[in-house]
Amino acid sequence: MAIYHSEHTIDRPEHLGGGTWSLRAMTDVTVLMGKNGSGKSLLLRSWRNQKPEAVHYVVPERTGELDFQPQFTQEEFTGVTRGSVSRSNFVYEYRRRIMSRVHTYFMTRGNIRGTAPISGPEELEQFLGLLLSDFVVELSPRTPPFALRHTIDNRSIVGVDQLSSGEAQLFTMGLDILTIAGIWEIENQPERIMLIDEPDAHIHPDLQVRLADFLLTIVDRFRLQIVVATHSTSLLAALGQSGDSKTSVVFMRRAQSDFKAQTFGRVQKDLAACLGGHVLMGPLFGVPLLLVEGDDDYQIWSQAPRCHGVQVSALPCHGDEIFRYQSQLENILSSLCESPSVPTGFALLDGDKALPLPSATNAQNHVRFLQLGCHESENLYLTDVVLETIGHTWETAKAALMQSAQQRGDKQRILKECHKWDRRTEDLKPVIKEVAWILDPKHVPWTLRVGSAIGRRRPTGDLAEFLGDSLVDALWMSQDSSVSAGA
């Protein structure tokens, strides 16, 4: 997308000295960090007030119920009326207003599903699935404007008291962002700035990582420029690690008015990984650190601990950079603590890569290399263990894939030949999204299905074989040891 503002000037309140703030070198996602009182929230609201039709201010307060109040619907139609209820960093009846926004979205769109060239409710639901992997969401113009079900027991959620505070915040904040993005898409709004004020409040660090993935995913789809104000080094680290040069950070100070954003390069990413406490605090509390090669692997191993069957702290490394990350972390950990009797972290390689052995030039005292027992993580989706969770055997899965292949454009030839696949060694990366869409009626992202299957208990059957004995033993022996120590 084109960055709408690489530089921007914003009116500064008199009690902060008046004049203007000047922001330079902004990127697709710019993070504002600073102490309380440095002016982050004031800057965001002042920016919103300059151009409310093209700028939306998100302030995820935990107020209100998840029910529909029709009197709020008209206020959600324009940026001016939306802005009138968010003059401070607190919005009265925030959740109810977002529920009303769902109705506004459908009214703007005309409730056209499926074939419309603009974003449809199905797509918004899929993006919400990135935030709420344990739930399936369906949006509608009815009352209430949503159906929310737990994926494990299909239990319907009708009230905020049935969700944790973090889940409720992610749900309403995700709807807040997506409904505005959807409305802008429908109206073909030429400029789309999303200002998000402290979205990390009340959200555990692992969910902050999921929030970062969500924001970076929708930036391109909806042509957004996002500015996030936060105190969280965990959120900063997650945005920087996944966003690379799309992410920059501004360190705000109350007495300063001119700021140049620092783009995330190699040094900033490494420092952010150290500052993102949820990553390196793992070894201090007996939770193994796991370096993985990409975003898909990261989503899998971020989901697994949420099922309470394994503890692991994952860090994405973007392909072959995993070797440099392992070396850097080995140096960091060796400077902080003595060599352990067993490694405190692991670097996980795909099955098609050579496994480096420990040596004088490749120390693995703290972070040891492991290798998947299959070609790569996509293959895990086709194990009997994972297929069972979506109501399939390999035989029924092959039948479904071949039946639907002709509807999949240039992927149909590969899908038609699924009966020839060796599930353990086939390169599934080109078609994994199509495979998951065909096989899973709830369209849960394939990475979350795999992560949930891994995380429920120590893997058995072909899931254990595809993961590999060394990986299963390393992570679940660590889990068993921590449980024994706790007992």
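**Group meeting: aromatic pairs, strands and spaces**

I'll start with one residue: F146 is buried, because its relative accessible area is 7% and the cut-off for buried is under 20%. Please keep in mind that everything here comes from a predicted model.

First, the strands around F146. F146 belongs to strand β6, which covers residues 146-150. Three strands make up an open sheet, ordered β5-β6-β7, with antiparallel pairing. The edges are β5, residues 135-139, and β7, residues 156-157, and each of these pairs on one side only. Between β5 and β6, which run antiparallel, there are five bridges. Which residue stands opposite F146? That is L139.

Now the rings. How many aromatic pairs does a search of the whole structure find? The search finds five. One of them joins F146 and F171, and this pair is edge-to-face because the planes are at 65°, with the ring centres 5.2 Å apart. For reference, edge-to-face means planes over 60 degrees apart. The two residues come from distant parts of the chain, F146 from β6 and F171 from helix α5, residues 165-187, with their positions 25 residues apart. Is F171 buried or exposed? F171 is buried, at a relative accessible area of 0%.

Another aromatic pair is F323 with F369; the pair is tilted, at 5.5 Å centre to centre and 35° between the planes. This pair also links distant parts of the chain: F323 lies in helix α11, residues 322-336, and F369 in strand β16, residues 367-371, 46 residues apart. The two partners fall into separate accessibility classes. F323 has a relative accessibility of 32%, so F323 counts as partly exposed. F369 has 3%, so F369 counts as buried.

From β16 we can step to its neighbour, β15. These two strands pair in the parallel sense, over five bridges. One bridge sets L348 against L370 in β16. On strand β13, residues 289-292, there is also parallel pairing with β15, through three bridges. Here L291 has A347 of β15 as its bridge partner.

Why is β15 described as largely enclosed by the rest of the structure? Because five of the five residues in this strand, residues 345-349, are buried. The burial covers both faces: G345, A347 and L349 are on one side, with F346 and L348 on the other.

Next, the open space. The largest pocket has a volume of about 960 Å³. There are 28 lining residues, and those closest to the pocket centre are Q126, L130, T217, Q299 and K433. Several helices supply at least two lining residues each: α4 (121-131), α6, α7 (233-243), α10, α15 (432-439) and α16 (446-456). By class, the lining of the largest pocket has 12 charged, nine nonpolar and seven polar residues.

Then the enclosed space. The count of cavities of 30 Å³ or more is four. The second largest cavity holds about 100 Å³ of space. Which residues line the second largest cavity? They are L130, R210, D213, Q299, S302 and L448. Two of these names, L130 and Q299, also came up among the residues closest to the centre of the largest pocket. Helices α6 (205-221) and α10 (295-303) each give at least two residues to this cavity lining. The lining of the second largest cavity divides into two charged, two polar and two nonpolar residues.

Helix α6 leads on to a few local points. R221 has its charged end over the ring of F222, at 4.9 Å from the ring centre. R223 sits in the loop between α6 and β9, residues 225-230. Most residues other than glycine have a negative phi. R223 is not a glycine, yet has a positive phi of about 55°. With a relative accessible area of 35%, R223 is partly exposed.

A25 is a second case with a positive phi, here about 60°, and A25 is not a glycine either. A25 lies in the loop between β2 (20-24) and β3 (29-33). Its relative accessibility is 27%, so A25 counts as partly exposed.

That is the end of the tour.

Technical notes. Residues are numbered from 1 along each chain as its sequence is written. This is a predicted model: local features need pLDDT of at least 70, side-chain atom pairs count only at pLDDT 80 or more; totals for chains, interfaces and linings use all residues. Side-chain values use heavy atoms; hydrogens and water are left out. Rings of Phe, Tyr and Trp (its six-membered ring) pair if their centres lie within 6.5 Å; planes under 30 degrees apart count as stacked, over 60 as edge-to-face and the rest as tilted. Helices (H or I, at least four residues) and strands (E, at least two) are DSSP runs, numbered from the N terminus. Buried means under 20% relative accessible area, exposed over 50%, partly exposed in between (1.4 Å probe, protein chains only). A charge sits over a ring if NZ of Lys or CZ of Arg is within 6 Å of the ring centre and within 35 degrees of the ring normal. On a 1 Å grid over the protein atoms alone, a cavity is a set of points where a 1.4 Å probe fits but cannot get out, and a pocket is an open set with protein on both sides within 12 Å along at least five of seven lines; lining residues have an atom within 4 Å of a point. Grid points are joined across faces, edges and corners, and a volume is the space filled by probe spheres set on the points. Ala, Val, Leu, Ile, Met, Phe, Trp, Tyr, Cys and Pro count as nonpolar, Asp, Glu, Lys and Arg as charged, and the others, Gly among them, as polar. Two strands pair if DSSP finds at least two bridges between them.
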